[in-house]
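Subject: Handing over a structure

Dear colleague,

I am passing on a structure for you to look through, and below it you will find some notes on what turned up. Please keep the structure open while you read, and take the notes one at a time.

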Amino acid sequence: MNSRMLHEALEAPGAVARQLVEDTSRYAELGALLRRQPAQSLLTIARGSSDHAAHFAAYLIMARLGRLVTSMPMSLVTLYQSRIQCAGLASLAFSQSGQSPDLVGPTQYFREGGAITCAFVNDTASPLARAAEWTFPLHAGEEASVAATKSFIAQLVAGARLVAAWQHDEVLERGLHHLPEALREATQQDWSPAVGVLRDADRLFVVGRGLGLPVALEAALKFKETCGIQAEAFSGAEIQHGPMALIDEGYPLLLFAPRGPAQGGLLELADAMRERGARVLLAAPAGTPGCDLPLAGAAAVELDPICAIQSFYPMVEALARARGLDPDRPRHLRKVTRTH
């Protein structure tokens, strides 16, 4: 019997197709505003999986638009009552439920201070959706599984839509138009070898770099949530420092190496880790030397990481069941977390 988690993960291509036909003029309006009134500072507001999606949007903004983006420590507003300057600020909040006070509070504060405030949220009746000036629904539909899947993918897409609208970039927009087809292809990739390798694992490194790092962070979180594996995510550059001391014979690594500028260094890292005796699971485009887990490609290279996480979700769900766990009932977790 399929879990809710798997069912919802496989709904992601349809959810993305729904999102892409909605709110087009709203994204265009915000893009025009950001071109007309460039923000002097940008920050993201998010937690958990949503924070990984925010990281993806931030990296796209920094890489393509050359504007630095800060990840907001929400407690600055909710606990420390910091009087953050709002002039010239744009805030981008990402959430599935839109319920947590530590997202709502800063968004309200920034809006009252005159900042551009945006919320990318699945629940359009939520406090966060009401707090932001610019609200963009994810259109992911109801997500009952505690482990977010389709809503995370919808958040990645929303962030990419923001960047495409801001840049008025037709290439990225075309890539987004064809993304549902690429995601459907991603659901068909065979990642079953990872289940056998990781079935008895108790620790794991997940590695990515650049636009692939946010999906490595998300994958590590899902290993913890659904499989009870102590998984840590690292940049392909950072793992060669302190974490290297932990890697010995048989140590498992899942390495995301989609297309793009970071791929060459990640493939070299995979070879180096194998030489050290690590058990490397390399996720890369089919035909890549050493590839264990094939990645589908999107029409725009920047969107490849979205396809990568789409292929990952069914594998981690199967891994949880292989370990005798129910992916729909992670220990000590619930769907909505309200933090201050």
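Two residues are said to be in contact when they have heavy atoms within 4.5 Å of each other. Please bear in mind throughout that this is a predicted model.

With that meaning of contact, a good place to begin is Val69, which is placed in strand β2, residues 69-71. If we leave aside the neighbours within four places in sequence, Val69 is in contact with Leu42, Leu43, Thr44, Ala58, Ile61 and Met62. Its relative accessible area is 13%, and because buried means under 20%, Val69 counts as buried. You may also like to find Ser91, which is 22 residues away from Val69 along the chain, while the C-alpha atoms of the two are separated by 9.4 Å.

Two other buried residues can be read in the same manner. Ser3 lies in the segment before α1 (4-10), and it is buried with a relative accessible area of 7%. Apart from neighbours within four places in sequence, Ser3 touches Glu317, Pro327 and Asp328. Gln155, for its part, is found in helix α8, where its relative accessible area of 1% makes it buried. Once its neighbours within four places in sequence are set aside, the contacts of Gln155 are Ser49, Ser50, Ala53, Phe94, Ser95, Gln96, Phe120 and Leu138.

Helix α8 also brings us to the packing of helices. Two packed helices are described by the angle between their axes and by the distance between those axes. Helix α3 (residues 24-36) packs with helix α8 (residues 150-167) at an angle of about 55°, and their axes are 7 Å apart; the two are therefore oblique to each other. The crossing of α3 and α8 is right-handed. On the α3 side the residues that meet the partner helix are Thr24, Tyr27, Ala28, Leu30, Gly31, Leu34 and Arg35, and on the α8 side they are Ala158, Arg161, Leu162, Ala165 and Trp166. Sorted by class, this contact of α3 with α8 holds eight nonpolar, two polar and two charged residues.

How are helix α12 and helix α14 oriented to each other? The axes of α12 (residues 213-227) and α14 (residues 304-322) come within 10 Å and cross at roughly 15°, so the two helices are roughly parallel. Here too the crossing is described as right-handed. From α12, the residues Val215, Glu218, Ala219, Lys222, Phe223, Thr226 and Cys227 meet Pro305, Ile309, Phe312, Tyr313, Met315, Val316, Leu319 and Ala320 of α14. The residues of this contact of α12 with α14 divide into twelve nonpolar, one polar and two charged.

The last point concerns cysteines. A disulfide is a covalent bond between the sulfur atoms of two cysteines. With a cut-off of 2.5 Å between the sulfur atoms, the count of disulfides comes to zero. Cys291 is in no disulfide, and the nearest cysteine sulfur to its own, that of Cys307, is 14 Å away. Cys307 is likewise in no disulfide, its nearest cysteine sulfur being that of Cys291. As for their surroundings, Cys291 counts as partly exposed at 25% relative accessibility, whereas Cys307 counts as buried at 0%.

With best wishes

Terms used. Residues numbered from 1 in each chain as written. Predicted model: local features only at pLDDT ≥ 70, side-chain atom pairs only at ≥ 80, totals over all residues. Heavy atoms only, no water. Axes fitted to C-alpha atoms, helices over the stretch in contact; angles between N-to-C directions. Helix = DSSP H or I, 4+ residues; strand = E, 2+ residues; numbered from the N terminus. Parallel < 35°, antiparallel > 145°, perpendicular 65-115°, else oblique. Left-handed = near helix turned anticlockwise from the far one by under 90°. Nonpolar A, V, L, I, M, F, W, Y, C, P; charged D, E, K, R; others polar. Buried < 20%, exposed > 50% of the residue type's maximum accessible area, 1.4 Å probe, protein only.
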